Amino acid sequence: MAFRGAAALTDAELIAILLRTGTVEKSALEIAEEMTAEGGLYKRLAGISRIDELMNIKGLGQAKAATILAALEIGRRIASARPLERVHIGSPQDGADYLMSRMRYATREEFVVVFLNTKNRVVGQEIVSEGSLNSSVVHAREVFTPAILRHAAAIIVAHNHPSGDPTPSREDREVTRMLVQSGKVLGIPLLDHLVIGDGRYYSFQENAEI
């Protein structure tokens, strides 16, 4: 790497550097090649968020899995990093651009609330639920309590579909209706609900459902 630079290395070579050593049966590079075969870096590894998911891969103990997980999280944070005070959400596309890099590869559904000020600039975000989306999992209090504490003027909510297809389900629509009504009562309007797929999104606002 000292001569070629990191950009010249393959996905497998980069993973092998993080692994450092292999097992009796396989070298670090061989393990890394299996992990990244057929687009595995993007189709499989990029969406991993828990150490136990990595430890299911033969040859990865807790220490190596933790190293890989840390590298993945750094990559996700760099990909989505912008000073929050400069992020303006003026359209559904703006919201999708802001959330896509972090949410498109997640292997489980995550429900995220983005808090906005009076100028529709992002003042924070929070994951309030993980798992299949329905009204029994996503509660208005979990969505709006942090919004009140952050003095948000409005919110956008988003969740991902691990299948890659952002078409909303019946549960998605039920949750949206519930949050719209709650927002009206509390004076913190829900501006949009985005369903994030693999490079695609569905906006309830864009489709006149909010």
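Strand 3 is mostly covered, with seven of its seven residues buried (buried means under 20% relative accessible area, exposed over 50% and partly exposed in between, using a 1.4 Å probe and protein chains only). Its two faces are both covered: Ala154, Ile156, Ala158 and Asn160 are buried on one side, and Ile155, Val157 and His159 on the other. In a regular strand, side chains alternate between the two faces of the sheet. The model is a predicted one, so local features need pLDDT of at least 70 and side-chain atom pairs count only at pLDDT 80 or more, while totals for chains, interfaces and linings use all residues. Residues are numbered from 1 along each chain as its sequence is written, and side-chain values use heavy atoms, with hydrogens and water left out.

On to the neighbours of strand 3. Helices (H or I, at least four residues) and strands (E, at least two) are DSSP runs, numbered from the N terminus, and two strands pair if DSSP finds at least two bridges between them. Strand 1 runs antiparallel to strand 3, and six bridges join the two; Phe115 stands opposite Ile155 in strand 3. With strand 4, strand 3 pairs in the parallel sense, again over six bridges. Here Val157 has His193 of strand 4 as its bridge partner. Strand 3, helix 8 and strand 4 together make a right-handed β-α-β unit (right-handed if, with the strands pointing away from the viewer, the path from the first strand over the helix to the second runs clockwise).

Zooming out, the open sheet holds five strands in the order 2-1-3-4-5, with mixed pairing. Strand 2 (122–130) and strand 5 (201–203) are the edge strands, each pairing on one side only. From one strand to the next, the twist averages 20° (axes are lines fitted to C-alpha atoms, for helices over the stretch in contact, and angles run from 0 to 180 degrees between N-to-C directions). At the strand 2 edge, strand 1 (residues 110–116) pairs with strand 2 in the antiparallel sense over seven bridges, and Val112 stands opposite Ile127 in strand 2.

Two helices deserve a mention alongside the sheet. Helix 6 (residues 92–103) lies across strand 1, strand 2, strand 3 (154–160), strand 4 (190–196) and strand 5, and runs at about 45° to strand 4. Helix 8 (residues 170–186) also packs on the sheet, touching strand 1, strand 3, strand 4 and strand 5, and its direction makes about 160° with that of strand 4. Contact here means heavy atoms within 4.5 Å.

As for the chain as a whole, its secondary structure comes to eight helices and five strands, and from the N terminus on the elements run α-α-α-α-α-α-β-β-α-β-α-β-β. Of its 210 residues, 40% count as buried. Among contacts between residues at least 6 apart in sequence, 60% join residues at least 24 apart. The chain exposes about 11,400 Å², of which carbon and sulfur atoms supply 53% (accessible areas come from the Shrake-Rupley method with a 1.4 Å probe, and for residues only the protein chains shown count as cover).

Back at the N-terminal end, helix 1 (residues 11–19) has Ala12, Ile15, Ala16 and Leu19 as its buried residues. They sit on the same side of helix 1 because they cover an arc of only 105° around the axis (the arc is that of the directions from the helix axis to the C-beta atoms). An α-helix has 3.6 residues a turn, so residues three or four places apart point the same way.

A few backbone spots stand out. Most residues other than glycine have a negative phi. Just after helix 1, though, Arg20 takes a positive phi of about 70°. His151, not a glycine either, has a positive phi of about 55°; His151 is found in the loop between helix 7 (140–149) and strand 3 and is exposed, with a relative accessible area of 71%. Ala208, in the segment after strand 5, has a positive phi near 55° and counts as exposed at 67% relative accessibility.

Gly47 lies in the loop between helix 3 (40–43) and helix 4 (51–55), and at 5% relative accessibility Gly47 counts as buried. Leaving aside residues up to four places away in sequence, Gly47 touches Arg76, Tyr105, Ala106 and Thr107. Gly47 and Met103 are 56 residues apart in sequence, and their C-alpha atoms are 8.2 Å apart in space.
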